[in-house]
Every structure is written in structure tokens, then in C-alpha cells.
Amino acid sequence: QALSEITGLGGGGGDLHELRARPLAERRVEVHGFCQPGEFQRSPYLSARGNIANVFRGSTEEGYKAYHADKYDEDKNPNGIINFGTSENKLCFDLMSKRLTQTDMNLMEPPLLQYPDWKGHMFLREEVARFLTYYCKAPAPLKAENVIVLNGCGSLFSALATVLCDPGEAVLIATPFYGGITQSVFLYGNVKLVYAYLDSKITGTSTRPFQLTVEKLEKALQDARAEGVTVRALILLNPQNPLGDIYSLSELRDYLEFAKRHELHVIVDEIYMLSVFDESATFHSVLGMDRLPDPQRTHVMWGISKDFAVSGIRFGTLYTENQDVANAVASLCYFHGVCGPVQHKVAQLLRDRDWINQVYLRANHARLKAAHTYVTDELKTLGVPFLNRNAGFFVWIDFRKYLRTGTFEEEMLLWRRFLDNKVLLSCGKAFECSEPGWFRIIFADKTHRLQLGMQRIRKVLEEREQEILAQEKEQPCQSDQDGKADSTDEVIFVSRHQEPTCAGSSNLGDLIGLLQQQMRSSDWLQKNTAEQFA
């Protein structure tokens with residue numbers, strides 16, 4: 001059934017109103033399939049599920065394929081593609097490679113070379129429990145028996161979806177969200193996603209763009225139930241990818257209370273919890289709450305890929321007080337285990353609290369902050385709106401003014417334009433964003449790559465701006481207020497590059513915006529302090 005639905009659907013276009021008008025079941029299959037139906041050919045060698053897996057690919061698979069065939073290298077391939085699409089921290093290889101090659105990391109005892117407890121070696125689970133107790137600020141020591149170790153959080157999503165939901169049932173998640181979750185929950189368990197759509201407008205109880213509220217969760221849940229879809233769980237990403245949002249304690253409590261009212265499991269992904277790089281922002285872990293509304297249905301994930309900049313080492317961990325869930329997930333750990341020597345290395349890493357606090361986190365946060373500042377300053381100079389956040393490796397950017405018609409097809413054309421100019425970004429469609437024109441850029445990279453990548457982005461945007469201006473001279477000007485970002489402290493918005501306006505229109509707001517932009521991009525205020533004048 002899923003196969004026939006996928007092959008019968010058109011690809012990728014439309015706007016939010018069209019998307020929401022479709023039946024949920026149809027909408028989810030299209031969004032989950034990520035295939036190009038026009039190119040689809042059923043293989044006689046595969047089952048129906050095999051055919052789905054064969055064509056199931058991310059909407060920007062084309063970009064990653066191109067990148068791996070033409071990677072940028074400063075010496076060997078300076079004209080290659082710069083990858084601002086994959087959420088990896090490339091700033092701390094020096095620190096991690098040095099620590100992971102020290103003598104205490106190298107151990108080859110017989111137990112490490114034999115089958116382990118499938119939940120993970122007990123020495124590692126004890127270390128994870130102590131680590132999470134400390135960094136999540138848990139009110140009481142966390143227990144090793146509640147810890148399960150798998151080869152990455154993708155495997156955890158797959159295992160949890162499989163043991164919490166039956167095929168055809170669904171999990172609730174707010175969009176935009178990290179698109180890899182779709183693949184994780186759908187391909188193994190045939191579990192669907194129900195979307196709570198977030199957008200840039202500040203309406204109702206919202207106080208910031210793309211804010212997740214209980215009202216939006218309630219609406220999405222009720223819409224799904226009205227169509228006969230059974231929703232079993234809620235996924236929360238904190239810090240959120242791609243927005244960079246960090247949920248307050250009161251927000252977390254509201255979400256968990258909502259889930260308890262509806263008897264939903266809550267899967268909380270906290271994989272960026274130590275990648276909050278500004279002291280003005282405070283991360284609150286669910287494991288640090290004094291009381292969980294429904295501890296038997298609350299399951300927390302974390303891994304070392306992001307916070308320790310080692311995405312190539314596949315290690316993720318689940319903490320759950322529900323032993324039925326723990327045992328069910330453990331039965332799948334046979335397929336998703338972590339090898340013994342790596343378990344030893346991770347345990348050694350997590351127990352080295354002094355090195356983590358005094359060396360690694362200090363350097364990592366400083367480097368992340370500097371890279372974030374560089375990219376956001378470039379965006380301000382270009383007059384491009386973006387969400388101003390202090391967590392993760394990404395900035396959520398508003399390129400809507402570079403779309404003439406404001407469709408997902410046009411978003412994809414702009415994405416391909418960046419790729420043709422040798423820079424890989426992630427477009428909003430890949431995160432199921434409801435508004436065409438939003439992009440995610442990864443800034444956790446070395447300075448020379450950031451500089452060159454931003455030069456290439458600037459070139460594309462300037463060319464696109466000239467094209468739109470030329471088109472406007474040929475066609476009557478149309479004002480589209482819906483395409484404009486909210487001008488708030490949460491969205492940095494520079495008036496100089498507002499939505500296209502009719503020729504000759506200029507006002508005080510434009511002048512003020514231009515002045516603000518020049519002040520932000522200038523170091524005059526830093527250089528000319530009162531002390532220096534004195």
C-alpha cells in the first residue's frame with residue numbers, strides 16, 4: 001500500500017495551504033518517501049519494502065553525492081564543494097585526536113573482544129550514568145541499569161519507534177526538524193510522522209518565530225486522530241535542530257504534561273546539550289527536572305557525535321526508567337552494538353572530567369562562538385534575516401526574498417544554484433519546513449572554509465538579487481507581506497534587503513535599517529571607546 005501511494009504522488013512542490021489541505025495519510029507518505037516518483041522503477045529483485053528502501057532518499061541526496069565526488073581540499077581540490085550541509089563539528093579534531101590516542105585509551109583485554117551484554121558493558125553504562133548525572137544536573141544519581149548503549153542516535157530512533165509503535169502508527173514532531181529522523185523511524189518500523197507545523201509568524205501565544213506551543217501540538221494530535229491515525233509518542237529535540245532553540249524548564253514541563261494527558265511516550269533527543277556556546281543561554285535537561293510528569297513514558301537520548309566532534313564514532317545512549325522499554329530496545333541492540341574497544345575509549349573519555357571541563361569544552365565553546373559570530377556578521381552585512389541562537393552548529397537563514405514566487409520548486413532551484421557554485425547547504429524542504437525559502441547553514445568549520453563558502457554564497461545572492469530586480473522592471477510590482485520575516489530581537493532583520501518594492505519607494509524605516517546594518521558591521525564603536533577618547 002505504501003509503495004503504491006508513493007509511486008502515485010507528485011513530487012516536492014506546493015505551498016503550506018496546499019500541503020495542509022491534503023489528507024494526513026497521503027501527506028505523510030509523500031514526506032516520508034523522499035523519492036522521485038517520476039524516476040521510480042520497481043525492481044523485480046526486491047520486496048515491496050525493499051523497493052521503498054531502494055528509492056527512499058533525502059531530498060538533498062543529490063547534493064551529498066556531488067559533494068563526495070568533488071570535496072573541497074585546500075591543496076588538492078581548492079575549487080571543490082564546501083560542505084555547509086552536514087551537521088558536524090570540524091573545529092576540534094586536534095583536541096579529540098590527541099586525547100583519543102593517549103595510552104589510557106588503548107586496551108585489548110579478552111572481555112572487549114567477546115560478546116558484551118547487549119545493553120553495553122556495565123563499566124561503560126556506569127560511566128554514562130555518572131556523566132549524565134553531572135552534566136544534566138540530575139537531582140539524584142542516575143542508575144546504570146537504566147542506560148542502554150547503541151551505535152548512534154539514529155539506531156535509537158529506529159529501535160524506539162519499533163518497540164513503541166505498531167506499523168502504520170505515528171509519532172508527533174514539530175517541523176522544521178532534523179530530516180534523518182524520518183528515515184530512522186520509517187524504514188525499519190514503518191512508523192509515520194505527524195507534524196505540528198511551526199512558522200516564522202508570531203501569533204497566538206507565541207513570543208518568538210518558530211515557537212513550539214502546546215496549542216500547536218494539540219491541534220496536530222487532534223487532526224491526526226480525526227483521520228483515524230494512532231499517535232503513540234512525541235519527539236522533542238533540545239537543543240533543536242535546525243532552529244537552535246533551547247527549551248525553558250516551563251516549556252519542557254508543558255510539553256511533558258501534554259504528553260501525559262494523552263498517554264504519549266516522549267523521546268527527548270539532547271545530542272547537542274554540551275554545544276551551547278554562549279553563557280547567556282542555559283540548557284535544561286529533562287533528566288535535571290525535579291519531577292517528571294510521566295517517568296515511565298519519558299526516554300532521553302544523547303551521544304558523543306556532536307558534543308565531542310566525533311560523528312565517525314558511532315555511539316549513542318538511551319536513559320529510560322521503563323524496564324519494559326529498556327529490555328525491548330536491548331533485544332534490538334544485537335543489530336546495533338558498539339564494539340568493545342570503542343566502549344572502552346568512550347568510558348575513558350567520559351570519566352576524564354578535568355580534561356572535558358578545563359580543556360575541551362572551553363576551547364570548543366570559544367571556537368563555536370567565534371565561527372557563529374563570523375557567519376552571522378556576514379549575514380548581517382548581506383542584510384539576510386536569520387534566527388539568532390546560541391546552540392548547535394547551525395544557523396536557520398531566511399532566503400525568502402530571493403524567491404520570486406515563493407514555492408518549494410523555487411527553493412530547490414536556489415539550492416541547486418548554491419551547489420553549482422560549489423557550496424552545499426540544506427534547504428527547508430529537507431526539514432519539512434512549512435515556508436519555502438528557509439535554509440540551514442553549518443558554521444562549525446575552519447575559518448578559511450567559512451570565508452570561501454560565504455564568498456560563494458554572497459555571489460549567488462547578489463546574482464539572484466539582480467535577476468529579481470530585472471524581472472520586476474518587466475512586470476508590475478507585487479507586495480507580499482507574508483514573505484517578510486518578523487522584525488524582532490529573535491530574528492535579526494535588516495531593512496536594506498526587504499521584500500522587493502516598487503521603484504522609487506524609500507522611507508525612514510529603510511534608512512534606519514541601513515544605518516543599523518552599518519553599525520553592526522563596523523568596528524568603529526569597538527575602536528572608539530570612551531576610555532580611548534579620555
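**A seven-stranded sheet and the helices around it**

Val 268 stands opposite Val 300, a residue of strand β7. This pair is a handy way into the predicted model described here, because Val 300 belongs to a strand that is mostly covered, with 6 of its 6 residues buried. Strand β7 covers residues 298–303, and strand β6 covers residues 265–269. These two strands, β6 and β7, pair in the parallel sense over 4 bridges.

Both faces of β7 are covered. On one side lie Thr 298, Val 300 and Trp 302, and on the other lie His 299, Met 301 and Gly 303; every one of these residues is buried. Besides β6, strand β7 also has β8 as a partner, and here the pairing is antiparallel, over 5 bridges. Within this pairing, His 299 stands opposite Thr 320 of β8.

What about strand β8 itself? It spans residues 316–320, and 5 of its 5 residues are buried, so the strand is largely enclosed by the rest of the structure. A residue counts as buried when its relative accessible area is under 20%. As in β7, both faces of β8 are covered. Gly 316, Leu 318 and Thr 320 sit on one side and Thr 317 and Tyr 319 on the other, and all are buried. Strand β8 is also paired with β2 (residues 147–150), in the antiparallel sense and over 4 bridges. Two matches help to trace this pairing by eye: Leu 150 has Gly 316 as its bridge partner in β8, and Ile 148 stands opposite Leu 318 in β8.

With these neighbours in place, the whole sheet can be followed. It is an open sheet of 7 strands with mixed pairing, in the order β2-β8-β7-β6-β5-β3-β4. Its edge strands are β2 and β4 (192–197), each of which pairs on one side only. From one strand to the next, the twist averages 25°.

Helices pack on this sheet. Helix α10, made of residues 214–226, touches β3 (170–175), β4 and β5, and its direction makes about 135° with that of β4. Helix α8 (residues 153–164) lies across β2, β5 (231–237), β6, β7 and β8, and runs at about 160° to β7.

Some helices also pack against one another. Two packed helices are described by the angle between their axes and the distance between the axes. For helix α5 (residues 61–69) and helix α15 (residues 408–420), the angle is about 5° and the axes are 11 Å apart. That makes α5 roughly parallel to α15. At their contact, Glu 62, Gly 63 and Ala 66 of α5 meet Trp 415, Arg 416 and Leu 419 of α15. By type, the residues of this contact divide into 3 nonpolar, 1 polar and 2 charged.

Helices α13 and α14 offer another example. The axis of helix α13 (residues 340–351) comes within 5 Å of that of α14, and the two cross at roughly 65°. Leu 349, Leu 350 and Arg 351 of α13 meet Arg 353, Trp 355 and Ile 356 of α14. This contact is made up of 4 nonpolar residues, no polar ones and 2 charged ones.

Helix α14 spans residues 353–382 and includes Leu 382. Is Leu 382 buried or exposed? Its relative accessible area is 5%, and the cut-off for buried is under 20%, so Leu 382 is buried. Leu 382 and Glu 462 lie 80 residues apart in sequence, yet their C-alpha atoms are 9.0 Å apart in space.

Finally, the chain can be viewed as a whole. It holds 19 helices and 14 strands, and 55% of its 534 residues are buried. Among the contacts with a separation of 6 or more, 74% join residues 24 or more positions apart. The chain exposes about 23,900 Å², of which carbon and sulfur atoms supply 50%.

How values were computed. Residues are numbered from 1 along each chain as its sequence is written. This is a predicted model: local features need pLDDT of at least 70, side-chain atom pairs count only at pLDDT 80 or more; totals for chains, interfaces and linings use all residues. Side-chain values use heavy atoms; hydrogens and water are left out. Buried means under 20% relative accessible area, exposed over 50%, partly exposed in between (1.4 Å probe, protein chains only). Two strands pair if DSSP finds at least two bridges between them. Contact means heavy atoms within 4.5 Å. Accessible areas come from the Shrake-Rupley method with a 1.4 Å probe; for residues, only the protein chains shown count as cover. Axes are lines fitted to C-alpha atoms, for helices over the stretch in contact, and angles run from 0 to 180 degrees between N-to-C directions. Angles under 35 degrees count as roughly parallel, over 145 as roughly antiparallel, 65 to 115 as roughly perpendicular and the rest as oblique. Ala, Val, Leu, Ile, Met, Phe, Trp, Tyr, Cys and Pro count as nonpolar, Asp, Glu, Lys and Arg as charged, and the others, Gly among them, as polar.
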